[in-house]
Amino acid sequence: MERTISIAVQKSGRLSEKSLDLIKACGIDFSADSRVLKATASGFPLSFLFVRDDDIPQYVADGVADIGIVGRNEYDESGMELDVVRDLGFASCRLSIAVPRGFDYHGLKSLEGKRIATSYPRILSRILTENNVSATPVVVSGSVEITVDVGIADAIADLVSTGTTLKMNGLEEAECIYRSSAIMIANPDLDDEKRALLTRLLERIDAVMMARHKKYILFNLPEDKLDEAAAVIGGMKSPTVTPLMDKGWVSVQSAVDESRFWAVFERLRALGAEGILVMNIEKMTE
Ligand code: PRT
Ligand code: ZN
């Protein structure tokens, strides 16, 4: 029988959709019936376990699942020592100290002797200790943002993405103390066969993630501007250059980092580039 590798994915929540999108983009298909706890994929020997995100580090540690996708916050809070094999970049958020209006916050020292409500006592305590601050964590599993109002805490340490929740509860974000995004974790004791499957899966994930950060551009350029254009594009080993029927003109193709795209675009225009065509890249390797 063919060996499979199993992955624990959040059943429903902020990580679910993007986790499954990434896996699908790797050419792996599965029945997306969210009522089932387990599913088997086609296109890759992978099986799924759909669970609550809090349970993912434990399942991976116990070998119930071989790998998992979870927020770095959840993993660090679990205190488990697993292999963090990739930072997947999505579901990014920050753990921030937030205080009620009128709280005179001037750094972590302001929290000395205070009660701080959080769902992440381990991460919070580590940071407070590193900064020589002694405060009392008040551990709550949800609705951290109401604890100050109801009088059980003086400040909070909670996950923030847009900041709306804090504002709506009369709190101000005072300081970001930790950053998180989705990571892939793996059991450190996978056998050789499973490790080989993980390597294959990671190769696909890398190709998808790399492509997501790049655009493919094609343009026509006066041949005598080629060196300058190549310097502007940078990145890839060398652009592909094809002669055009029009003498003195060439067609150039290359991948460009999305973050640099507009700067590159404007400089190419200034060099006389014409007919610039931009495309999304589906998959890519170095
Ligand atoms: O049911 P299950 O236990 O599986 O899910 P869950 O409710 O515990 O987790 P879920 O789905 O809410 O979040 C899963 C992971 O998403 C977290 O562990 C983080 O890694 C990540 N993530 C990213 C977030 C946020 N952004 C986020 N904004 N997790 C929670 N929040 C909450 C935050 O706690 C606060 O209540 O959203 C609120 C703040 O949002 P803003 O946009 O108002 O700032
Ligand atoms: Zn959870």
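How many disulfides does the count come to? In this predicted model, the count comes to 0 disulfides. Cys 93 takes part in no such pairing, and the cysteine sulfur nearest to that of Cys 93 belongs to Cys 176, 9.6 Å away. A disulfide is a covalent bond between the sulfur atoms of two cysteines, and the cut-off applied here is 2.5 Å between those atoms. Seen from the other side, the closest cysteine sulfur to that of Cys 176 is the one in Cys 93, and because the two are 9.6 Å apart, they are too far from each other for a bond. As for their surroundings, Cys 93 is buried, its relative accessible area being 16%, whereas Cys 176 is partly exposed, with a value of 30%.

It is helpful to place these residues within the overall layout. The protein is divided into three parts: domain 1 (5–91 + 181–211), domain 2 (93–179) and domain 3 (214–280). Both Cys 93 and Cys 176 fall within the bounds of domain 2. Between the C-alpha centres of domain 2 and domain 3 there is a separation of 49 Å.

Turning to domain 1, a closer look at one serine is worthwhile. Ser 6 belongs to strand β1, which covers residues 5–10, and the bounds of domain 1 include this position. Ser 6 is buried, with 13% relative accessible area. When neighbours within four places in sequence are set aside, the contacts of Ser 6 are Ser 47, Val 64, Ala 65, Asp 66 and Ile 67.

Notes. Residues are numbered from 1 along each chain as its sequence is written. Chains are lettered from A and ligands numbered from 1 in the order in which they are written. This is a predicted model: local features need pLDDT of at least 70, side-chain atom pairs count only at pLDDT 80 or more; totals for chains, interfaces and linings use all residues. Side-chain values use heavy atoms; hydrogens and water are left out. Buried means under 20% relative accessible area, exposed over 50%, partly exposed in between (1.4 Å probe, protein chains only). Helices (H or I, at least four residues) and strands (E, at least two) are DSSP runs, numbered from the N terminus. Contact means heavy atoms within 4.5 Å. Domain bounds come from an automatic or database domain assignment.
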